[in-house]
Amino acid sequence: MKNELLICSIVLISTSLSTLAAGFDEIKPADPFSGKPITQSNIKINVPKKATLTKNDVHNHYAIAQERFVQSNVKSSYMDFRMLIETVNPNDYAYMLMVGKMADLGFFTLANLSASKITDEDLSYVYVEDIKKFYYPSVMLKPKDEIYLAEIFSNIIYNAQSKEATAELLKNEELLKTSDYANYLAALGLLKSGNGEVATKYIDAAIEKNPQNINYKKLKAEIALQNGKNGTALKLISEIKQAPIQTKEFKNKVNSLEEYILYKTAKQDYLKKYHLAYYYYYEGELTKAARTLQNAGSNKKAHNKVIYALLSRVYFDSKEFEKAESFAQKANNLDGSNPIALMVLGDVSTRKNDLKTAVKYYKKASSCDKKSPDALVKLAETYRAMNKPNDADEIYEKILKERSDCPMAYYNVAMKDLSRKSEYLKKSVALDISFEDAWLELAKTSLDKNMFDNAKKYLKIAKYIDENNFKYYYYQGLFCKSQGLAQEAAFNFKKSLTLKPDFQPAKEELSI
């Protein structure tokens, strides 16, 4: 139960740091707290004692650690996070989430600690590698330096002390000489202080020491924007997009950055609003995206066709289906080759169970956008719904021949190739750690092999991704049945039917 609450806590509380993904004119620091002078001499790292945490303690410890970081009580925050990592019940999913959260804060030692506790590298290696490409310094810091720099970071972002914190850091010539991350923070603080020209010197030093770090290039692009060097920013985003990022989460980070840079560099008003809305879309801010697009209309068809298309996507994802269909049709009437509008029309047709029409739209969308596998995945799923599994399998096999970053392709090939089922399911989860159906199939595969501990682990993960998935309760029922818990099994099968009344496997288990 402790690990379940930790997972839930990470997902809920981590939104307080989500502004770090935004551009710097989007960051809204927390209300300032009185800061203490930053020095290294009084920092000591003590190993936390092992403790048994109650289920409420886990949630409270995470919240307190996060709040302490925001208030620049960084040493205590570090200790609290380390206590959680050391004491939580083993769970690979929780550890993977913690690797990313700790790296985002600059707690690289804790990120490594969490990564070291992951028991199945087949689940984690792709995600952890993407985290390292995005955040990690080239040379790991000593613990006292890590705490010191984390306090600098906290004061720059949250405590309206960017000038003071940066001035203190710039005195530390020895650390700046050896640490790429220290140079990154110096550049960050200078940018926040409005000194973009000097910031360039330090971000260039960071990149020279660590040319693979994507976060450094992201900051350099933002500095270039502030300095009016739009061409440099566009060149940097082009370089970043060539980085070998595979996971869904970090691809979205790159897409978000691209749209932000395009927003800042666009000259026409409608394009600025279009890219700003797309930025909000990738950040999960659908309401802001819709509002921005609603104010982006023009009397020119060439402008409206892209605005309408993206607006249809935003409305569909917001479950405003009538508006989505209306704007997708408008966009399609203006430009019959817009893949966004075509995809939305396919999704609308699928929702209406008009699968033949959906196939038409998905086929056309895939031919208009050769770079993304999304339309092909939708086409394959539609074929499967039409009871044409061979057509679906052919598409997925084609995708895997051409690319290695499509979780749905691995998932579906796994369902056909039983000899490699576990391998391919783990690959799909590695690419998208929130892929609930893949976690559930891993649980089912473990149940079939009488590997009950693994099944239990995967089911817990699936529940905290979406506790209202009818499949979760069905598989949980199968798990309870395997353990001789007939009453609990029946409860879960009934819950599955409550969520999906026509789910035949659950009915069969209840002899309905």
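How many salt bridges does a search of the whole structure find? The search returns 29 salt bridges. The model is predicted. Several of these pairs are described below, together with one helix, the loop after it, the nonpolar core and the cysteines.

One salt bridge joins the side chains of Lys457 and Asp92, with an N to O distance of 4.0 Å. This pair links distant parts of the chain. Lys457 belongs to helix 26 (residues 452–465), whereas Asp92 belongs to helix 4 (residues 92–105). The two residues are 365 residues apart. Lys457 has a relative accessibility of 18%, so this residue counts as buried under the 20% cut-off. Asp92 is also below that cut-off, at 2%, and therefore counts as buried.

A second pair lies within a single helix. Arg313 and Asp317 are both in helix 17 (residues 301–317). They are 4 residues apart, about one turn of the helix. Their salt bridge has its closest N and O atoms 3.2 Å apart. What is the relative accessible area of Asp317? The value is 32%, so Asp317 is partly exposed. Arg313, in contrast, counts as buried because its relative accessibility is 13%.

Glu397 and Lys416 form a further salt bridge through their side chains, at 3.2 Å from N to O. This pair, too, links distant parts of the chain. Glu397 is in helix 22 (residues 389–402) and Lys416 is in helix 23 (residues 407–416), 19 residues apart. Glu397 is partly exposed, with a relative accessible area of 34%. Elsewhere, shared partners connect salt bridges into one network. Its members are Arg313, Asp317, Asp347 and Lys378. In general, side chains of opposite charge can pair when their charged atoms come close.

Helix 7 covers residues 143–158. Its 16 residues should span 22 Å at 1.5 Å a residue. The end C-alpha atoms are 22 Å apart, in agreement with that expectation. Is helix 7 largely enclosed by the rest of the structure, or largely open? Of its 16 residues, 14 are buried, so helix 7 is largely enclosed.

The loop between helix 7 and helix 8 (162–170) contains Asn159. Asn159 counts as buried because its relative accessibility is 2%. Its side chain reaches the backbone oxygen of Val70 at 3.1 Å. Ala160, which follows helix 7, has a positive phi, near 55°.

The largest nonpolar core contains 161 residues. Which of them touch the most other members? These are Phe107 and Trp439. Beyond residues up to four places away in sequence, Trp439 touches Tyr93, Met96, Leu123, Val429 and Ile433. Tyr458, Ile461, Ala462 and Ile465 complete its list of contacts.

The disulfide count comes to 0. Two cysteines were examined for burial. Cys406 has a relative accessibility of 4% and therefore counts as buried. Cys480 is buried as well, with a relative accessible area of 5%.

Notes. Residues numbered from 1 in each chain as written. Predicted model: local features only at pLDDT ≥ 70, side-chain atom pairs only at ≥ 80, totals over all residues. Heavy atoms only, no water. Expected span 1.5 Å × (residues − 1). Buried < 20%, exposed > 50% of the residue type's maximum accessible area, 1.4 Å probe, protein only. Polar contact = N/O pair within 3.5 Å; in protein donor to acceptor, adjacent residues only side chain to side chain. Core = buried A, V, L, I, M, F, W, Y, C linked by side-chain atoms within 4.5 Å. Contact = heavy atoms within 4.5 Å. Disulfide = S-S within 2.5 Å.
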